[in-house]
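Subject: A structure for you to explore

Hi there,

Here is the structure I promised to pass on to you. Have a look at it first, and then read my notes below.

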Amino acid sequence: YGPNISLINPPNNTYRNNKLVVYPNPTTGKTNFYSGQGGKGELIINNLQGQVIANHINISSGFFSIDIPGPPGIYVASFKYADGGLFVTKIVKQDF
């Protein structure tokens, strides 16, 4: 894993679907991800100007966590699954 990514265990009361769960959202920076499809793929975080602010490739676990870099605002998380699927969601980053 990269310097800002680690395995995590999702809380038991987290909503899950067959794509990707992102929590907490809104966040103050550290954001957790859970993939019901095994999580193998690539995570890309973009700001609203379309700039890539984080790119984590070769994710091979269904549970992972990253720190969202940059100032408070709205970011777009795209998870490209190894099988070609794509899940996109927004992440709201707030001040501490």
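**A pair of polar side chains**

The side chains of N47 and Q51 make a polar contact with each other, at 2.7 Å. Please keep in mind that this is a predicted model.

To find N47, look in strand β4. Is N47 buried or exposed? N47 counts as buried because its relative accessible area is 13%, and buried means under 20%. If you set aside the neighbours within four places in sequence, N47 is in contact with I53, I74 and Y75.

**The chain as a whole**

Now zoom out a little. The protein chain has eight strands and zero helices, so you will read β-β-β-β-β-β-β-β along the sequence. The chain has 96 residues, and 41% of them count as buried. About 5400 Å² of the chain is exposed, with carbon and sulfur atoms supplying 51% of that area.

You can also ask how far apart in sequence the touching residues are. Take the contacts between residues at least 6 apart in sequence: 49% of these join residues at least 24 apart.

**The nonpolar core**

In soluble globular proteins, nonpolar side chains tend to be buried together. Here, the largest nonpolar core has 16 residues, and L20, F33, L43, I45, F79 and I91 are those with the most contacts inside it. Which strands supply at least two residues each to this core? They are β2 (20–23), β4 (40–47), β5 (52–60), β6 (63–67), β7 (73–81) and β8. Strand β7 gives the most, with four residues.

**A buried lysine**

My last stop is K93, which is found in strand β8 (residues 86–93). K93 is buried yet has no salt bridge. Where is the nearest side chain of opposite charge? It belongs to D95, 8.0 Å away, whereas a salt bridge needs the atoms within 4 Å.

What does the side chain of K93 reach, then? One partner is the backbone oxygen of G70, at 2.4 Å, and another is the backbone oxygen of I68, at 2.8 Å. Not counting residues up to four places away in sequence, K93 touches T27, T28, G29, I68, P69, G70, P71, P72, G73 and Y75. You have met Y75 already: N47 is in contact with Y75 too.

Have fun exploring, and write back with any questions.

Best wishes

Technical notes:
Residues are numbered from 1 along each chain as its sequence is written. This is a predicted model: local features need pLDDT of at least 70, side-chain atom pairs count only at pLDDT 80 or more; totals for chains, interfaces and linings use all residues. Side-chain values use heavy atoms; hydrogens and water are left out. Buried means under 20% relative accessible area, exposed over 50%, partly exposed in between (1.4 Å probe, protein chains only). Lys and Arg count as positive and Asp and Glu as negative; His and the chain ends are not counted. A polar contact is a pair of N or O atoms within 3.5 Å; within protein, one must be able to donate a hydrogen and the other to accept it, and residues adjacent in sequence count only if both atoms are side-chain atoms. Contact means heavy atoms within 4.5 Å. Accessible areas come from the Shrake-Rupley method with a 1.4 Å probe; for residues, only the protein chains shown count as cover. A nonpolar core is a set of buried Ala, Val, Leu, Ile, Met, Phe, Trp, Tyr and Cys residues joined through side-chain atoms within 4.5 Å.
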